[in-house]
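Student: I would like to learn how to read a protein model step by step. Could you take me through one, beginning with the overall fold and ending with the charged side chains?

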Amino acid sequence: MEYLIHLAVMSSIYAILGMSLNLVVGYAGLLSVTHAAFYGIGAYAVGILTVSHGYGFFGATAIGMACAALAAWFIGIVSGRFKGDYYALVSFGFNIIVFSIFLNVQSVTRGPLGIPGIPKPEVFGMLIRSNAQFLLLAIAFTLATYAVSQWIVTSSFGRTLKGIREDEDALRVFGYDTARYKRIIFVIAAMLAAVGGSLFASYISYIDPSTFSLNESIFILSLVILGGLANVNGSVFGAIFFILLPEILRFVGFPPDIAAQMRQVAYGLILVLLMLYRPQGMFGEYKL
Amino acid sequence: MYIPYVDIVPQLIANSVIAGAIYALIALGFNLIYGTTKFFNLAHGAVAACGAYAVFAILKTFALPVNIVVACAIGAFVAGIIGYGLERLIYRPLRRRKASNMVLMVASLGAFTALQAFIAILFTSQFQALESSGGISGAIEIYGAIITHTQVVIITCGIAIMAILAFIAKYTLFGKAVSAIKDDEEVARMVGIDTDRIIGKVFFIGSAIAGVAGILIGFDTGIEPTMGMNLLLKGTIASIIGGVGSLYGGFLGAFVLGFAENFGIWKISGEWKDAIAFVVLIVFLLVRPEGIIKK
């Protein structure tokens, strides 16, 4: 039971990450591979602020979101000048740069040692003790992210984004400042990813840079593509599928250490097969 | 520890040249492939790792009684075959379907992830050494810079392969066909060039060169399944700052990157190398997006 709860918490964290990345990749059509950087910024904000500065979970989360927004705004200005595969490559680069900062600015992040002992959040004066309680909190955040995402994609802002994705030049002719739209959605997605990061940090209670590497960004991108581009529900499905996949592999009889690698083989092959036979993903509405 | 100014500069130059030669080997193959297919083949890094692990399998796992040079040749061949296989099984069908560059790139990313994990399953994910008793050891000293014999081989290979490719591009029918496809695949097909066959060969050659790079790195520092990622990123950056798709550009870009990285960490921790590499890339993309050598 405890283990099922753990899987559910992880699924909701990845659902948050997936839904937010889908806003950028699916709706704005920008192949971003930087998401783990913002995920990490959120996690480090909670880790650093709660452990050594006495902040509460929610205060630290808010600051983490602000930091992620600031970073995303800056990254958005630079990467907004690129398109298609070059955009993806530049976003690779920003992930590596942020990862290097986590790893090397040891006075702040403790580098490869990581930050242990991150406290659990306190909700209305009540400390969350069990994983079951944490699951409720995680689900609340996931639902909030879901609501925000749905609201964005059904608003006129979301429709404009889809327009930009389909034909940016046409929208520019109509007088839309398309670069600004892309930057705004990038910032929003980064803030939501930071929420995922703060949940992760306080749930696991230990963070180190390796969680926020380029591979993690690729993993999040895979779950978004599997679930389906431009479909919020699809990302939730993708997150649950990829979290349960190693368990399924273990159930089939692979030993645990090989199961972890098998997961990578599986998601690599899934990406290849999707690109070959279903480039919009399971429930997607948009093809890369 | 205090290292005097005069001692470190030759070593930094040597390290830059060594790094440049490695990146050049990756960038040469990468550019060759990019030139004909116009997409970022991210699986290139994993292919390099496959070459290194093929040699590892021959020399260590099975301890076959073969000459080290023969083992390396087989390793490069294996890498070439894997690259060719990816082209036949994944990229060619996608190209037939007129898939966008992004689709091809994501597919190659998937191939990269799967290959890398597959290597880890077969050979464990630990860092391992590749050198064998019959290997090359020892070092030479030039103006106070220490260069191991392996690194001399790396530099020689980098320059030699570059020269061979330049020769092929200029003086053979195959080279002319490749440059025709580079300019326009449709037109090349119209004038009777079997573009699929040429692109298949390009994948084989480019991947085999990547394999050589992987093998040399293996002898120099060691191998691990994730080695491909770093090689890939550096090779990609080198080809972009040099001028993507251009033979000489990739070569030049590789040495620019090698120098930038190694002199960049003169005063700061070596862990920043990757970040420096990407800062160089982003600056180049902003200031001179077509690369050093304009097409």
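Tutor: What follows is a reading of this predicted model, taken feature by feature.

Student: Which helices and strands should I look for in chain A, and in what order do they run?

Tutor: A useful start is to count the elements and then follow them along the chain. Chain A holds twelve helices and two strands, and from the N terminus on the order is α-α-α-α-α-β-β-α-α-α-α-α-α-α.

Student: What does the radius of gyration say about chain A?

Tutor: The idea is to set the value beside the one expected for a compact globule with that number of residues. For 288 residues this would be near 19 Å, and chain A, at 18 Å, agrees with it. Along the principal axes, the C-alpha atoms of chain A fill a box of roughly 55 × 45 × 35 Å.

Student: How many of the residues of chain A count as buried?

Tutor: Burial is judged by relative accessible area, with under 20% as the cut-off. In chain A, 61% of the 288 residues count as buried, while carbon and sulfur atoms make up 67% of an accessible surface of about 11400 Å².

Student: Where should I look for a salt bridge in chain A, and are its partners buried or exposed?

Tutor: Look for a positive and a negative side chain that meet, and then ask where each partner sits. Glu168(A) and Lys182(A) form such a pair, at 3.1 Å from N to O. Glu168(A) belongs to helix α8 (residues 168–173) of chain A and Lys182(A) to helix α9 (residues 178–204) of chain A, 14 residues apart. Both Glu168(A) and Lys182(A) are buried.

Student: What about Arg189(B) and Glu186(B)?

Tutor: That salt bridge has its closest N and O atoms 3.9 Å apart, and both residues lie in helix α7 (residues 185–190) of chain B, three residues apart, about one turn of the helix. Arg189(B) is partly exposed at 42% relative accessible area, and Glu186(B) is partly exposed at 43%.

Student: Which parts of chain B does the pair Lys234(B) and Glu261(B) tie together?

Tutor: These two side chains meet in a salt bridge at 2.9 Å, N to O. Lys234(B) is in helix α9 (residues 227–242) of chain B and Glu261(B) in helix α10 (residues 247–264) of chain B, so the pair ties together parts 27 residues apart in sequence. Lys234(B) counts as buried at 2% relative accessibility, and Glu261(B) is buried at 0%.

Student: Which residues of chain B are linked in a network of salt bridges?

Tutor: The network links Glu87(B), Arg92(B), Arg95(B), Arg96(B) and Asp196(B). Over all chains, the count comes to 13 salt bridges.

How values were computed
Residues are numbered from 1 along each chain as its sequence is written. Chains are lettered from A and ligands numbered from 1 in the order in which they are written. This is a predicted model: local features need pLDDT of at least 70, side-chain atom pairs count only at pLDDT 80 or more; totals for chains, interfaces and linings use all residues. Side-chain values use heavy atoms; hydrogens and water are left out. Helices (H or I, at least four residues) and strands (E, at least two) are DSSP runs, numbered from the N terminus. The radius of gyration is taken over C-alpha atoms; the globule rule is 2.2 Å times the number of residues to the power 0.38. Buried means under 20% relative accessible area, exposed over 50%, partly exposed in between (1.4 Å probe, protein chains only). Accessible areas come from the Shrake-Rupley method with a 1.4 Å probe; for residues, only the protein chains shown count as cover. A salt bridge is a side-chain nitrogen of Lys or Arg within 4 Å of a carboxyl oxygen of Asp or Glu.
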